[in-house]
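Let's take a walk through this one together. Have the sequence and the 3D view open side by side as you read.

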Amino acid sequence: MRSLIEIQKEIKQVIASELSFNTDELDDTKSFHDLGLDSVNSIFLLAKMEEKLSVYIDPMSVYDNPTIKSFSEYLYTQLNEAS
C-alpha cells in the first residue's frame, strides 16, 4: 500500500516529466490547469497513474480533484477502499 505522500510524489513525477519541470517547482495546491496541464496531459496523467497504481481511475476524477493535493487524496482513498 502506498502512502499519501508517495502518491503525491508519483503524481508530481508524472507531471514534471510531461511538462519538463522539476518536481520542486510544483505547488500541490495549484490547479492542474494553472500548472500547465491541458486535457491531453490530464489523460496521460490518468493513464500513467493507473499503470503505477494498478487501479482503474475514473476519468472525471481529475476534473473533480483538480490539484495534486486533492487528486492524491482521492487516489489514496480509492486504493484503501479497493484493499
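**From the surface to the core**

Start with glutamate 25, which is exposed, with a relative accessible area of 54%. That is above the 50% cut-off, so Glu25 earns the label "exposed". Keep in mind that you're looking at a predicted model. To find this residue, go to the loop between H1 and H2. Its side chain has a partner there: it reaches the backbone nitrogen of asparagine 22 at 2.7 Å. For a sense of scale, try glutamate 81 as a second landmark. Glu25 and Glu81 are 56 residues apart in sequence, and their C-alpha atoms sit 31 Å apart in space.

Now for another glutamate, this time glutamate 10, in helix H1. Is Glu10 buried or exposed? Its relative accessibility is 14%, and because anything under 20% is called buried, Glu10 counts as buried. Who does it touch? Setting aside neighbours within four places in sequence, Glu10 is in contact with Arg2, Met49, Lys52 and Leu53. With Arg2 there is a polar contact too, 2.8 Å from side chain to side chain.

Met49 is worth following from here. Again leaving out neighbours within four places in sequence, Met49 is in contact with Ile7, Glu10, Ile11, Val14, Ser54, Ile57, Phe71 and Leu75. Met49 also belongs to the largest nonpolar core, which has 21 residues. Along with Ile11, Ile15, Phe32, Leu45, Phe71 and Leu75, Met49 is one of the members that touch the most others in that core. Helices H1 (4-19), H2 (32-35), H3 (39-53) and H5 (68-82) are the elements that each supply two or more residues to it. Which helix gives the most? That's H1, with six residues.

Finally, look at how H1 meets H3. Two packed helices are described by the angle between their axes and the distance between those axes. For H1 and H3, the angle is about 135° and the axes are 10 Å apart. That makes H1 oblique to H3. As for handedness, H1 passes H3 in a right-handed crossing. On the H1 side, the residues at this meeting are Ile7, Glu10, Ile11, Val14, Ile15, Glu18 and Leu19. Facing them from H3 are Asn41, Phe44, Leu45, Lys48, Met49, Lys52 and Leu53. You've met some of these already: Glu10 and Met49 are in contact, and here they turn up on the H1 and H3 sides of the packing.

Methods:
Residues are numbered from 1 along each chain as its sequence is written. This is a predicted model: local features need pLDDT of at least 70, side-chain atom pairs count only at pLDDT 80 or more; totals for chains, interfaces and linings use all residues. Side-chain values use heavy atoms; hydrogens and water are left out. A nonpolar core is a set of buried Ala, Val, Leu, Ile, Met, Phe, Trp, Tyr and Cys residues joined through side-chain atoms within 4.5 Å. Buried means under 20% relative accessible area, exposed over 50%, partly exposed in between (1.4 Å probe, protein chains only). Helices (H or I, at least four residues) and strands (E, at least two) are DSSP runs, numbered from the N terminus. Contact means heavy atoms within 4.5 Å. A polar contact is a pair of N or O atoms within 3.5 Å; within protein, one must be able to donate a hydrogen and the other to accept it, and residues adjacent in sequence count only if both atoms are side-chain atoms. Axes are lines fitted to C-alpha atoms, for helices over the stretch in contact, and angles run from 0 to 180 degrees between N-to-C directions. Angles under 35 degrees count as roughly parallel, over 145 as roughly antiparallel, 65 to 115 as roughly perpendicular and the rest as oblique. A crossing is left-handed if the near helix is turned anticlockwise from the far one by less than a right angle, and right-handed if clockwise.
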